[in-house]
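I opened this notebook to keep track of what I looked up, entry by entry, with the sequence and coordinates at hand.

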Amino acid sequence: MTLATAIATGDLTQLPSRRDEDWRWTDLRGLIRVLPAASPAFDGDVGAGPFAADETVTIVNGHGPAAIAIPAGEARTVALRVVAATDGTAHAARLSVTLGQGARLTLLESHEGRAASYLTQTDLDVSLGEDAALERIVLVADHAEAVTIVDAAVTLAAGASFDQTILTAGARRQRIETRVSHPGQGAAVRLDGAYLLRDQRHADLTTVVTHAGRDGTTSQLTKGVVRDQARGVFQGRIVVERGADGTEARMGHHALILSDRAEVDAKPELLIFTDDVQCAHGNTVGALDEAAIFYARQRGMPEDVARAMLTEAFVGEVVERIEHEGAREIARAWVSQQLGAGE
Amino acid sequence: MTAMLSIRNLHATVGDKQILNGLTLDVPAGEVHAIMGPNGAGKSTLSYVLTGRSGYEVTQGTATLNGEDLLALEPNERAAKGVFLSFQYPLEIPGVPALTFIRTALNAQRKARGEAEISAPEFLKKARATATALKIDFDMLKRALNVGFSGGEKTRMEIFQMAMLEPRFLILDETDSGLDIDALKIVAAGVNALRGPERGMLVITHYQRLLDYIKPDRVHVLSAGRIVASGGPELALQLEAEGYDRYVQVAA
């Protein structure tokens with residue numbers, strides 16, 4: 001049951017609903033009463049995206065290339081733009097991203113809403129060969145009325161590394177899901193995210209990492225800032241299967257709630273079926289530290305300056321883990337803009 | 001002539017508890033006054049009332065700086081007027097490098113006073129010179145403020161901020177706690193370097209030790225929320241020898 005299937009078949013019962021445990025905080029069945037018509041092809045100008053790269057792959061209204069393939073041993077930086085330039089219609093897209101042995105890719109992915117109430121699902125099938133390295137930076141800028149799902153299924157070979165940072169401001173309802181098949185064997189995964197939400201926006205960052213073999217690492221850090229009536233969802237699941245000894249996995253999710261009517265739902269899960277592992281998770285949801293705010297004010301900062309500084313610093317930890325320097329700069333600017341907007 | 005800091009009949013509560021009970025105190029410009037007292041006398045409460053921490057409610061009395069009502073101002077406005085508190089327990093500020101924090105504070109103060117922002121080169125030059133004087137490793141200033149610092153390092157960082165912000169009125173709250181003798185000497189030298197005819201200081205301490213290095217002009221004994229005795233530096237020595245017992249009884 002997925003949104004993509006519902007869009008393809010027109011069958012509302014295919015929509016994920018709150019009755020599915022993994023979708024209980026991001027109900028689509030209860031939200032969508034009628035499936036909209038298919039999005040039209042778009043051949044207009046979509047302007048520039050947030051990332052610059054030598055090579056750009058653009059998918060508009062579900063139409064565009066179906067594959068990015070990096071041959072063994074090659075290194076590339078690719079901007080992937082997923083643009084919705086349609087109002088009141090629905091579409092889905094599927095893209096495969098393949099890295100050959102030892103290949104390196106920086107994927108600068110943007111989801112750009114250029115109209116109001118579109119309904120979309122974007123699926124990525126990502127496959128990394130031995131010792132390949134992918135850093136995926138995802139900047140999601142949906143319209144407040146949009147309902148979107150981005151779903152990535154990632155398979156790693158031995159020695160590969162997959163680093164990901166998702167940055168989102170949410171949508172009417174939005175789910176960004178990443179599922180990683182982790183072989184262990186020296187492969188390394190970093191799965192980070194930041195959701196900065198205001199008004200009535202919703203963002204759901206869901207991840208599942210399955211460690212199937214020994215000696216693999218996963219490091220995960222997600223931070224959220226929600227205000228107004230926004231709602232953030234974090235579901236992180238790390239599974240360490242029998243025999244995946246020597247696994248090291250750390251998961252952190254920390255959220256700031258800046259208004260009484262905002263909400264954060266978090267479900268961190270470690271499912272461990274073997275003994276010789278080092279796994280830890282930390283989860284906190286709270287407000288800014290008032291003592292720290294007084295300290296900053298005693299030094300001369302007005303309250304709004306102190307709050308903005310502490311909030312930006314809170315999210316900054318995620319941004320600083322981005323390796324690609326240009327993307328890190330863009331992420332920093334995005335954080336400032338999201339936290340500053342509407343003040 | 002009114003003193004630089006003038007406190008009259010100050011009453012304050014924390015929660016439902018009356019902590020300051022008619023405190024009256026004058027600190028003229030150019031002078032260093034020490035406030036000594038037993039635990040629970042209201043020493044930290046006084047520092048928080050003067051700096052405007054929420055939860056510390058003034059129920060009666062006045063406090064002025066150069067004739068201006070301090071109690072009507074926001075904490076950051078008081079800072080811009082030149083009031084600086086060296087915290088007994090400085091806060092950790094994750095994700096904000098010390099230099100960024102101090103520059104943001106300095107420029108906010110300057111903006112509030114209608115002054116131009118400090119330029120980056122000028123700020124860094126001043127920071128390097130100040131760090132050297134306080135024997136602070138400059139790299140430490142690039143790390144998140146106070147995060148993972150020892151008690152002594154945090155105190156030194158308070159004095160560093162003080163030297164960078166150049167306040168007109170300094171309040172040191174139990175600055176000696178947790179310092180070894182070498183650190184105490186460095187901190188005292190940093191404070192003494194700021195002494196001058198235009199500055200006033202209030203040094204709050206439980207022990208006389210700090211006053212060997214920061215020599216006060218006057219010493220006041222705070223007990224049960226008011227000043228119960230005042231004298232010269234010899235009063236501190238007497239307290240060290242005899243303890244606070246007689247003052248606790250006077251207050252009761």
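At roughly what angle do the axes of helix H3 (residues 98–112) of chain B and helix H5 (residues 151–165) of chain B cross? I worked throughout on a predicted model, and there I found that the two axes cross at roughly 35° and come within 10 Å. I then looked up the handedness, and H3(B) passes H5(B) in a right-handed crossing.

Next I listed the residues that meet at this crossing. From H3(B) they are Ala98(B), Ile102(B), Ala105(B), Leu106(B) and Gln109(B), and they meet Met157(B), Gln161(B), Met164(B) and Leu165(B) of H5(B). Sorted by class, the contact of the two helices has seven nonpolar residues and two polar ones, and I noted no charged residue in it.

Staying in chain B, I turned to helix H7 (residues 234–242), where the buried residues are Leu235(B), Ala236(B) and Leu239(B). I asked myself why they lie on the same side of H7(B), and the reason is that they cover an arc of only 100° around the axis. As a reminder to myself, an α-helix has 3.6 residues a turn, so residues three or four places apart point the same way. On the other side of H7(B) I found Glu234(B) and Ala241(B), which are exposed. For the packing partners of the buried residues of H7(B), I recorded three strands of chain B, namely E3 (32–36), E9 (218–223) and E10 (226–231). Just after H7(B) I also noted Gly243(B), which takes a positive phi of about 80°.

In chain A I looked up a single residue, Val239(A), which is found in strand E14 (residues 231–240). Is Val239(A) buried or exposed? Neither word fits, because Val239(A) has 18 C-beta neighbours inside 10 Å and therefore counts as partly exposed, the cut-off for a buried residue being 20 or more. Setting aside neighbours within four places in sequence, I found Val239(A) in contact with Thr210(A), His211(A) and Leu271(A). I also checked Ala212(A), which is 27 residues from Val239(A) in sequence, while their C-alpha atoms are 8.3 Å apart in space.

My last entry concerns the two chains together, where 16 residues of chain A are in contact with 19 residues of chain B. On the chain A side, the elements that give two or more residues are helix H2 (290–298) and helix H3 (303–320) of chain A. By class, I recorded 10 nonpolar, three polar and three charged residues on this side of chain A.

Note on methods
Residues numbered from 1 in each chain as written. Chains lettered and ligands numbered in written order. Predicted model: local features only at pLDDT ≥ 70, side-chain atom pairs only at ≥ 80, totals over all residues. Contact = placed C-beta atoms within 7 Å. Helix = DSSP H or I, 4+ residues; strand = E, 2+ residues; numbered from the N terminus. Nonpolar A, V, L, I, M, F, W, Y, C, P; charged D, E, K, R; others polar. Axes fitted to C-alpha atoms, helices over the stretch in contact; angles between N-to-C directions. Left-handed = near helix turned anticlockwise from the far one by under 90°. Buried ≥ 20, exposed ≤ 12 C-beta atoms within 10 Å, placed from the backbone. Arc of directions from axis to C-beta.
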